[in-house]
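Me: I would like a close look at a single part of this model, taken slowly and with the supporting values. Please keep to what can be computed from the atoms.

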Amino acid sequence: MDFNKIFQHNEAWIARRLSVDKEYFNHLSEGQNPQVLYIGCSDSRVTTEELLGAEPGEVFVHRNIANMVISIDLNVMSVITYAVEHLQVNQIIVCGHYDCGGVKSAMEAKDLGLLNPWLRNIRDVYRIHGDELNTIEDSHKRYNRLVELNVQEQCINLIKVAVVQKAYKERGLKVHGWVFDVHTGRIIDLKINFVKILREIMEIYDLGDNFN
Ligand code: CO
């Protein structure tokens, strides 16, 4: 990557924006009011704004290896809290992708050092869904299914968060689970039944009479 080109591109982008709207940066600097929180993989192929067709200011973004929502990860929890409590987003998207290196690594019997505790969370998803996954003989299909199940589990992890439960109760916040297919460019909505999951896990995870 030519770093000089980045700055040339930046100047060209500024000129292009201003040619359409002279006040563009004045408006941009007034503050943000995104409606959506997007949690995706750090994979360089899964670019949030391009994927969503979103403009600057429209999406609050968090990306990490394999789009994980881990309750003791201060980073993702801070992003969720800020987006839900302060920015008042009403939609959260968890977007995984096929051929995810993080998910693939978690399927291999290998010591990956510092990455072990992170990937352990994906191995836990495999364990929870082992019965289903082990019936899939084709290893690539099994891998893709784990990508989908991982998205589903991260949506469930989101539902376990107190501020998300509160926002659901107070203003009907929704959680969406998607997978980006790197082979076709298509976004697949896993149509995760948010309300059904809430009801199934409320006995254990309700943090304040949120699901009634
Ligand atoms: Co990935």
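How are the donor residues of the cobalt ion spaced in sequence?

Reply: In this predicted model, the donor residues of the cobalt ion follow the spacing C-x55-H-x2-C along the sequence. The residues concerned are Cys 41, which coordinates through SG, His 97, which coordinates through NE2, and Cys 100, which again coordinates through SG, with the distances to the cobalt ion running from 2.1 to 2.3 Å. The two cysteines link distant parts of the chain, since Cys 41 belongs to strand β1 (residues 36-41) whereas Cys 100 sits in the loop between β3 and α5, and they are 59 residues apart. Water is not among the atoms, so the site may look incomplete, and the donor list should be read with that in mind.

As for exposure, Cys 41 has a relative accessibility of 5% and counts as buried, because buried is taken to mean under 20% relative accessible area. Cys 100 is likewise buried, with a relative accessible area of 1%.

The backbone around this part also deserves a look. Asp 99 lies in the loop between β3 (91-97) and α5 (101-106), and its phi is near 65°, a positive value in a residue other than glycine. Most residues other than glycine have a negative phi. A further case is Asn 67, whose phi is near 45° and thus also positive in a residue other than glycine. Asn 67 is placed in the loop between β2 (59-64) and α4 (74-86), and Asn 67 is buried, at a relative accessible area of 2%.

Key: Residues numbered from 1 in each chain as written. Predicted model: local features only at pLDDT ≥ 70, side-chain atom pairs only at ≥ 80, totals over all residues. Heavy atoms only, no water. Helix = DSSP H or I, 4+ residues; strand = E, 2+ residues; numbered from the N terminus. Buried < 20%, exposed > 50% of the residue type's maximum accessible area, 1.4 Å probe, protein only. Donors = N, O, S within 2.8 Å, 3.2 Å for Na, K, Ca; no water.
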